[in-house]
Amino acid sequence: MPTTTASAVCTTVGNNILLRLTSGERDVKLKALRELKNQIIGNRTKKLSFLKLGAVPAVAGILSDAVSAVDVADNDENDRIVKDIIVQSAAVLGSFACGFEAGVRAVLDAGADILIQRGCLVEEMPLLKSYMEVVDAGARSLKMIYQSKMAPKYDFLQEENMEFLLSLLNNESENVSGLGASIISHSCKTSLEQKLLFDAGVLKRLTSLLGGSLIQRDASLESIATIFKNNPEVVSQFVGPDTGRTLSCIIEIVKDRFARTRLLASLCLIVIRNASPCYLQDVGIKTKLINNLLELLDDPGRVGDEASFAFSSLIAEKEDMQKLAFEVNGVDKLYNHLQKGSLHPRRFEGILLALADMCSKLECCRSRCLSLQVLKLVVDALAHDSSDVRSAACMCLRSVSRSIKFIQNLSAGSFMNETIVIPLVRLLDDTSTAVQVAALGAISNIVVDFTTRRSTFIRLGGVKLLVQLSKSMDSTIRLNALRALRNLIFLAEDKCKEEIFMELTASLLASLICDPEPSVQEQALALVRNLVDGRINSVEYIFAEDGIILDAVGRQLRIASKAEIEIQGMYVLGNVATGKESHKEAVMDQLLLRAENKAQSCIIKFLQSNDSRLRTAAVWAVLNLTCSSSPGSSGRLVKLHDAGIVSHVKNMVNDPCLDVKLRVKTALEQFNSFDDSLASTSCLQFLTVRAVGELSHVVDPSSKEEESIANYFRFSMKKNKKKKSTRTVKFCFDVPADSL
Amino acid sequence: MPVRVAESSAPSQVSGAHSEESSPPICSLLTVGQAFSGTQNVSNLQKEEAWRVNVRIQGCDLEHGYLCGTMEALNVPMADTPVVTFWEGEIVDAKNYTFYTGKWEATPEDDIRHWTKFPSFAPLLSRVEADGGKSLDLSNYPYIFMRWKEQYFVNVGTDCGLTIAGFYYVCFSCSDGSINGFYYDPNSSPFQKLELKCANEGRSGFSFSSYELQ
């Protein structure tokens with residue numbers, strides 16, 4: 001016997017209710033509203049089906065009519081029914097918006113938010129006593145709308161809006177004051193808005209609400225956190241006789257019996273602490289916060305899901321907090337939650353990120369993860385359905401492997417290989433860009449490996465994928481792919497380097513060196529630096545395809561203005577300068593090429609840099625070019641001198657940086673070793689000069705002296721017309737003095 | 001370097017006493033990737049012996065006074081292949097570590113006895129005896145003092161007949177990258193010397209590479 005389906009029954013009932021909503025009789029309309037409210041409350045499926053039937057615009061229409069019909073001079077009975085209709089229609093609309101984004105959208109599209117605000121609050125609030133129910137219903141509904149991200153932005157800059165907000169906050173009703181607080185939590189985003197609200201004195205009222213009902217307390221905590229978030233100025237202005245009281249009040253609430261309240265209180269304190277670290281420094285409070293959040297993880301609902309995110313914001317980037325958390329077994333507790341399995345994706349993500357933060361700086365946390373075998377669970381999460389979870393798992397792996405000691409221990413065990421590499425390589429192809437970037441981060445750490453196990457990564461096609469990603473339109477992906485390649489090439493064996501280079505190609509490398517993004521340029525140069533290090537034949541890579549890579553390096557050095565790029569570029573040239581004579585000469589050619597409108601070689605600018613790392617790199621290049629064991633060094637020294645480079649190096653003899661000073665000392669000794677070989681030509685007398693100068697010296701043009709000088713110096717000859725036998729010779733070096 | 005187990009006839013001396021590369025290195029010759037080569041004297045009363053040694057720096061975390069790398073011993077008589085170990089270093093920076101070891105069976109007297117074998121330690125002695133060197137500013141001193149402790153064998157088993165129970169007192173010269181060290185192990189011959197020079201591995205000059213842990 002065919003019977004009607006459940007959904008068909010639903011539709012029939014639904015249509016029936018909607019029909020009665022259009023009734024001219026208020027009683028019928030009111031009854032239909034109540035039935036509708038009861039149908040949809042807490043029932044997402046019913047909300048959706050009524051939505052499709054057009055319930056929201058219908059109810060919004062009813063509300064609008066009812067508000068217009070309000071007439072205090074009319075009889076009490078009508079008044080009561082109209083008021084009830086307003087209350088029920090507001091409740092229905094609020095219910096549609098509660099935790100149901102499609103409902104929020106429909107309510108906003110119908111303009112119901114403005115309707116409720118105007119109808120229930122703006123107009124009715126002055127008539128508080130009789131219309132408290134209306135005001136309350138309106139406030140409750142609006143609060144639900146404002147819990148959604150889609151709710152309209154409240155404009156605090158409008159004076160009347162601020163006044164209205166203050167009137168909400170000052171209202172006795174917990175729903176109304178709660179609405180005021182919700183509006184702040186939802187809409188206050190900028191530091192200007194935070195300041196405006198602070199200056200309007202909302203904090204005083206919010207603080208008093210901390211002692212109110214549960215709804216008021218929770219709403220107030222959220223709002224206080226919103227006003228202080230990332231705003232040290234507002235927090236510092238908070239200093240006053242009231243501060244201690246408010247802070248103590250919130251600290252007490254951390255022990256509240258309701259989990260959500262404990263979470264909100266903790267978040268509030270974290271926000272204050274992060275904005276202005278001078279507050280809440282006491283170890284006791286810090287430990288209390290940590291323990292509170294770790295306990296809140298036990299809550300099975302949304303509070304437990306969010307607790308780990310709060311924990312992360314408490315400890316992120318703060319080694320002292322991470323240490324405290326470690327001491328109360330934070331790693332173990334997070335691991336215990338991970339082990340439970342079948343976690344809600346939001347909770348899973350939060351715990352992974354919390355572990356990532358725990359392991360971001362401390363070796364003890366990483367070791368604990370290793371010994372607890374946390375990594376196995378983290379690696380499993382790399383294949384999770386949720387991209388947020390996959391991303392969080394990658395971040396956890398990246399964090400844990402941010403330590404050469406850890407990586408070494410990984411390599412010493414056998415975990416390193418396929419277990420961890422395979423799923424990570426797979427994620428390089430993920431549909432989500434965020435996951436790809438996170439995977440690249442983890443990979444770039446784990447490929448810093450000093451055994452032959454890098455070949456596992458290459459064998460699994462990792463290099464091909466990295467190279468592909470280095471051509472991405474997304475600069476973040478290009479950057480992170482290059483980081484991974486750079487680390488992969490560090491101290492790599494010849495065969496590994498060759499495979500990588502063949503995949504990359506000289507032309508791609510050259511174009512990455514000239515990438516529009518400076519950070520990409522930097523990584524490309526760092527990659528080349530590693531590429532040409534190692535066995536001496538590695539230097540040849542930079543000369544592939546007619547030396548386009550070397551040309552690109554030289555070009556970047558001449559135009560770059562960022563120290564990090566200049567440092568990497570100088571080390572590339574410095575490394576190449578440790579090769580054969582032809583390599584050194586090629587470096588010289590690059591260094592002596594002038595940039596447009598520049599009178600001097602770029603290396604002079606680097607030698608004078610404020611950044612000691614750059615000065616060091618530049619001196620190393622000079623050192624390598626004038627290495628005493630190389631036959632062409634003396635010739636290169638002359639050219640460097642003529643370019644003014646040698647004198648700049650000499651001026652650095654008292655450099656404030658020890659490393660630079662020591663390299664300069666070695667350089668000077670090296671320069672002088674060439675001068676020492678000159679000193680054997682004893683027929684000449686020299687003056688010691690500190691700078692380029694001119695010396696009149698009588699030289700017998702027929703003697704061999706000039707010839708021998710010319711072998712070591714370039715000099716300009718000016719014939720003195722008056723004394724034909726005298727030539728003015730420019731001496732360009734510090735040379736040992738014989739006599740003056 | 002691993003030494004032979006319990007072969008020494010010298011009386012055992014029992015008594016009581018990371019990348020991340022955010023700040024510039026103290027010395028560019030003590031950075032990741034740098035190689036050093038030289039010898040380790042492993043002589044005892046019975047015979048003179050020295051092993052050729054290669055060291056490479058793999059990790060450097062100045063903020064935490066941490067260093068690590070590998071050590072490879074060649075021509076080890078009882079081994080078929082070179083023996084490679086992984087070591088970790090403590091940099092004496094008066095912040096993370098002082099001149100006093102405080103572990104590994106090394107007493108303060110052992111510490112002073114070893115550090116004073118480095119000529120470059122002489123100017124620091126009085127301050128170290130006073131407070132372990134905590135008040136010293138070593139950031140501009142052209143020598144870096146470290147302790148290197150081998151953690152495990154990389155390519156051989158622990159039954160290879162060699163021990164890595166002790167540790168090295170190390171002095172590194174910032175100007176030329178030379179390394180001197182003395183091995184300390186109560187059960188081995190005292191003052192076995194490690195002497196290394198910065199190796200440029202066939203290049204004319206010094207080449208530098210780097211990595212960055214995210």
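## Exercises on a two-chain model

A:N530 touches A:R486, A:I489, A:F490, A:K497, B:S209 and B:S210, leaving aside residues up to four places away in sequence. The model is predicted.

**Exercise 1.** Find the helix that holds A:N530, and decide whether A:N530 is buried or exposed.

Solution.
- Step 1: A:N530 sits in helix α33 of chain A, which covers residues 518-531.
- Step 2: The relative accessibility of A:N530 is 1%.
- Step 3: Buried means under 20% relative accessible area, so A:N530 counts as buried at its 1%.
- Step 4: The contacts of A:N530 include B:S209 and B:S210 of chain B, along with residues of chain A such as A:R486.

**Exercise 2.** Compare the end-to-end distance of helix α16 of chain A with its expected span, and state how many of its residues are buried.

Solution.
- Step 1: Helix α16 of chain A runs over residues 259-275, which is 17 residues.
- Step 2: The expected span is 1.5 Å times one less than the number of residues, so for this helix it comes to 24 Å.
- Step 3: The end C-alpha atoms of α16(A) are 24 Å apart, which agrees with the expected span.
- Step 4: Of the 17 residues of α16(A), 13 are buried, so the helix is largely enclosed by the rest of the structure.

**Exercise 3.** Describe the largest pocket: its volume, the residues closest to its centre and the make-up of its lining.

Solution.
- Step 1: The largest pocket holds about 2,000 Å³ of space.
- Step 2: It is lined by 43 residues, and those closest to its centre are A:S185, A:E222, A:R260, A:L264 and A:R302.
- Step 3: Two or more lining residues come from each of these elements of chain A: α6 (101-109), α8 (128-146), α10 (174-187), α13 (214-228), α16 and α18 (302-315).
- Step 4: The largest share, eight residues, is given by α13(A).
- Step 5: Sorted by type, the lining has 19 nonpolar, 12 polar and 12 charged residues.

**Exercise 4.** Set out the secondary structure and the buried share of each chain.

Solution.
- Step 1: Chain A has 42 helices and three strands, while chain B has two helices and 10 strands.
- Step 2: From the N terminus on, the order in chain B is β-β-β-β-β-α-α-β-β-β-β-β.
- Step 3: Of the 740 residues in chain A, 54% are buried; of the 214 residues in chain B, 55% are buried.
- Step 4: Chain A exposes about 32,500 Å², with 52% supplied by carbon and sulfur atoms. Chain B exposes about 8,600 Å², with 51% from carbon and sulfur atoms.

Notes
Residues numbered from 1 in each chain as written. Chains lettered and ligands numbered in written order. Predicted model: local features only at pLDDT ≥ 70, side-chain atom pairs only at ≥ 80, totals over all residues. Heavy atoms only, no water. Helix = DSSP H or I, 4+ residues; strand = E, 2+ residues; numbered from the N terminus. Buried < 20%, exposed > 50% of the residue type's maximum accessible area, 1.4 Å probe, protein only. 1 Å grid on protein atoms, 1.4 Å probe; cavity = no way out; pocket = protein on both sides within 12 Å on 5 of 7 lines; lining within 4 Å. Points joined across faces, edges and corners; volume = space filled by probe spheres on them. Nonpolar A, V, L, I, M, F, W, Y, C, P; charged D, E, K, R; others polar. Contact = heavy atoms within 4.5 Å. Areas by Shrake-Rupley, 256 points an atom, 1.4 Å probe, with all protein chains shown as cover.
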